[in-house]
Amino acid sequence: MTSFEMNLDGLVGPTHNYAGLSYGNIASLSNEAGVSNPKEAAKQGLLKMKALADMGFRQGILLPHERPAIWTLRELGYSGTDAEVLAKVAKQNPAILSAVSSASCMWTANAGTVSPSADTADGRVHFTAANLNAKFHRSIEHPTTTRMLKAIFSNEQHFAHHDALPAVSFFGDEGAANHTRFCGRYDEPGVELFVYGQEAFNNDAPRPTKFPARQTLEASQAIARLHGLDESRAVFALQKPETIDAGVFHNDVIAVGNGNVLFYHQEAFDRTEAVLDELQRKLGDVELIAVRVPTDAVSVQDAVRSYLFNSQLLSKEDGSMMLVVPGECREVQPVSDYLDRLVDDKTNPINTVQVFDLKQSMQNGGGPACLRLRVALNETEYQAMDQGVIMNDTLFTTLNDWVDRHYRDSLTQADLADPQLLIESREALDELTRITKVGNIYPFQL
């Protein structure tokens with residue numbers, strides 16, 4: 001294969017905790033104030049990455065961000081030494097401390113949007129970091145994300161980087177969690193599906209009424225323009241507002257696609273048939289295989305609590321596909337029964353279901369698809385990226401040892417005020433930049 005899809009998984013950070021920060025994310029809210037295990041969380045993610053790499057899939061990592069984000073607290077007026085800043089905010093506003101300590105950057109599906117070189121006007125891979133402005137704890141991520149992506153994909157002959165969109169609700173952007181690319185082959189021009197929750201500049205357009213729509217049409221259109229996608233390369237689809245109100249805060253909680261396959265719930269999109277028709281028309285000779293999961297087989301509620309659609313759909317060497325799901329999919333009986341029928345159905349390429357234990361991430365509202373950013377590359381582009389983040393036997397062993405030495409196995413909200421946690425985290429991240437050879441990307445290093 002001259003081109004392929006590479007998955008870059010977010011390595012869970014040392015401050016992984018349960019603060020219930022994400023309104024609209026039912027799993028996150030339901031585990032608020034629980035005791036987390038950062039060490040276990042990081043190792044669960046590493047096991048998934050290594051297993052997929054061993055199966056022959058291209059796999060890499062994205063690094064955790066510096067947390068607690070002391071620089072953000074200083075921007076908010078807290079002063080003194082780092083320890084004094086932590087003590088002040090813990091006493092005066094512990095909710096802010098929880099926010100700036102979140103390890104939410106582990107969900108790299110929200111890191112940004114990526115368009116491969118086969119689609120773009122200048123023939124380069126384009127990256128736009130997501131502004132994530134719907135949630136304060138995530139809105140502080142994009143500067144580090146941008147520096148990291150520029151460090152990993154630094155060759156300007158092959159890669160182009162764009163700053164995050166203006167950090168206002170009108171251009172709310174949640175990254176690849178609302179973006180899917182369809183194609184016949186990864187090195188051939190494809191069609192990029194941008195899913196949005198509302199039109200920011202049209203108050204008469206449909207929108208959810210209970211939970212916020214985090215992605216706007218205007219943001220999706222801006223990214224398509226920045227990436228040099230002409231009209232034939234992009235489709236914009238409205239996520240069904242009622243489905244957002246049911247707890248489907250991103251499209252990747254209700255649909256996933258890969259190659260020429262779209263695996264989706266019947267309640268995923270508004271005007272579904274029109275969306276499918278436009279995708280097929282723009283794909284041309286490439287047949288779109290739309291695998292529709294009906295409500296009478298899997299309810300929206302069961303889809304949300306199992307994260308069936310927050311799965312990875314991966315192409316195998318023989319042309320068939322594997323669905324990577326969290327263990328919860330086997331614990332929700334209607335979903336488990338449906339998966340058995342899915343792999344027995346010979347009318348679609350999905351013939352394998354691979355289950356991973358990602359409970360630490362799942363309890364905060366993120367499954368396999370949340371943990372990875374997809375980057376379609378050809379072999380030349382692959383060789384031009386930083387090789388230090390690519391998963392192999394050596395990196396797996398090194399990172400497990402690194403986690404054992406730097407991570408705690410228990411973390412509560414009260415622990416976030418401990419200045420030693422900040423020191424531990426900085427020492428860990430400083431070493432990690434040397435392991436992966438990405439250079440200085442963190443505020444404390446700059």
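Which residues are linked in a network of salt bridges? In this predicted model, the network comprises E66, R74, D82 and R426. The account below turns to the annotated active site, then to a nonpolar patch on the surface, and finally to individual charged pairs.

The UniProt record, an unreviewed entry, assigns the feature "active site" to E174, H250 and C370. These positions are spread over 197 residues of sequence, yet they cluster in space, with a largest C-alpha distance of 11.2 Å. H250 is situated in the loop that runs between helix 9 (241-245) and strand 9 (255-258). With a relative accessible area of 2%, H250 is buried, because that value is under 20%. Leaving aside residues up to four places away in sequence, the contacts of H250 are with N110, E174, A177, N178, R214 and Q239. One of these residues, E174, is also named in the active-site annotation. The side chains of H250 and E174 make a polar contact at 2.9 Å.

The annotated cysteine, C370, is likewise placed in a loop, between helix 13 (359-362) and strand 15 (372-378). C370 has a relative accessible area of 3% and is therefore classed as buried. Its surroundings include M106, W107, T108 and A109, and C370 also touches D252, N310 and G365, with residues up to four places away in sequence not counted.

On the surface, V168, F170 and F201 make up a nonpolar patch of about 290 Å². F201 belongs to the loop between strand 7 (191-196) and helix 8 (217-226). The relative accessible area of F201 is 56%, so this residue is classed as exposed.

Side chains of opposite charge can pair when their charged atoms come close. In the model, the count of salt bridges comes to 25. One of them joins K43 to D404, the closest N and O atoms being 2.7 Å apart. K43 lies in helix 2 (residues 38-54) and D404 in helix 15 (residues 393-406), so this salt bridge ties together parts that are 361 residues apart in sequence. Both partners are partly exposed: K43 has a relative accessibility of 24%, and D404 has a relative accessible area of 38%.

A salt bridge within a single helix is formed by R305 and D302, and its closest N and O atoms are 2.7 Å apart. The two residues lie in helix 11 (residues 300-306), where they are three residues apart, about one turn of the helix. The partners fall into opposite accessibility classes: R305, at 52% relative accessibility, is exposed, whereas D302, with a relative accessible area of 12%, is buried.

A further salt bridge connects D418 with R408, and here the closest N and O atoms are 2.9 Å apart. Both D418 and R408 are located in the loop between helix 15 and helix 16 (419-436), 10 residues apart. D418 is partly exposed, having a relative accessible area of 28%.

Notes:
Residues numbered from 1 in each chain as written. Predicted model: local features only at pLDDT ≥ 70, side-chain atom pairs only at ≥ 80, totals over all residues. Heavy atoms only, no water. UniProt positions renumbered as here; feature names shortened; annotations may be inferred. Helix = DSSP H or I, 4+ residues; strand = E, 2+ residues; numbered from the N terminus. Buried < 20%, exposed > 50% of the residue type's maximum accessible area, 1.4 Å probe, protein only. Contact = heavy atoms within 4.5 Å. Polar contact = N/O pair within 3.5 Å; in protein donor to acceptor, adjacent residues only side chain to side chain. Patch = residues over 30% accessible without salt bridge, like charges linked within 9 Å, V, L, I, M, F, W, Y side chains within 5 Å. Areas by Shrake-Rupley, 256 points an atom, 1.4 Å probe, with all protein chains shown as cover. Salt bridge = Lys/Arg side-chain N within 4 Å of Asp/Glu carboxyl O.
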